Amino acid sequence: MSLHSAARVAGAAAYASHDGIVSVEGGTARLDSSRGLFTREVWRNLFSQFLTGDKEELIFAEHDGRLTGLTSGGHPNVPDYTLHGFLLDLEEPAGLTWLAFPSRPLGASVVREDDTLYFGLESGGYAAGFVGDYLPLTWHSRDYVFPRQVSFGAAVILCEGEFIVSIYADGKVVHTQQVVSGETVFRLPATLSQKRWSVKFEGAGVVTRFEMGSRPQELQGV
């Protein structure tokens, strides 16, 4: 394990492995931090090249409970996009942001006077805070199978960015909703009760909350 790809985040030690990000706390090691975002195959496709050999091109940094992973950029598996790493909250794995800089980042450090994380760049400059645009994404949840048929009349989503939300019942789309940054509560059409439900997000940004209930009043201010 490289010390460059390890950091202490929210009381736990986190380090990069070829299977994902490992969090170690209280003698227990888990891969939960990255498993909700990357399958093992996707993680290896994106980052294994930075963990092989002596280059140590995956650098971890921590700030305000968030983990930043920096790479040398120019990733061959991400065409037409200079990938310089990622930012994620280990307690909220849905909060993933891809990072891109004007030139290759060489490292990161926190300036305590203004409590800001700064990235040193190969060009000689630096970048402050978290930079980069959200990449387009499509995420479809697993099927949630209930022991009996249920129906939902409303849903709430809290996000940053723009998304199309598609609700599936028994494998078929029963409603689509366009949402933008902030909290959006919306009604679902009257449908037959079903046992199997799922949701799909298409867009760019971060989703931090999604719930469904029988009425909008149940979801507001929760």
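**Reading an aromatic cluster and a sheet**

W139, F163, F201 and F210 form one aromatic cluster.

Q: Before we look closer, what kind of model is this?
A: This is a predicted model, where local features need pLDDT of at least 70, side-chain atom pairs count only at pLDDT 80 or more, and totals for chains, interfaces and linings use all residues. Residues are numbered from 1 along each chain as its sequence is written, and side-chain values use heavy atoms, with hydrogens and water left out.

Q: How many aromatic pairs does the structure hold?
A: Rings of Phe, Tyr and Trp (its six-membered ring) pair if their centres lie within 6.5 Å; planes under 30 degrees apart count as stacked, over 60 as edge-to-face and the rest as tilted. The structure holds five such pairs. One of them is W139 with F201, stacked at 5.7 Å centre to centre with 20 degrees between the planes. W139 lies in strand β12 and F201 in strand β16, so the pair ties together parts 62 residues apart in sequence. A strand here is a DSSP run (E, at least two residues), numbered from the N terminus.

Q: Is F201 buried or exposed?
A: Buried means under 20% relative accessible area, exposed over 50%, and partly exposed in between (1.4 Å probe, protein chains only). F201 is buried at 7%, while W139 is partly exposed at 40%.

Q: Which strands are the edge strands of the open sheet?
A: Two strands pair if DSSP finds at least two bridges between them. The open sheet has four strands in the order β1-β2-β3-β4, with antiparallel pairing. Its edge strands are β1 (6-9) and β4 (28-30), each pairing on one side only.
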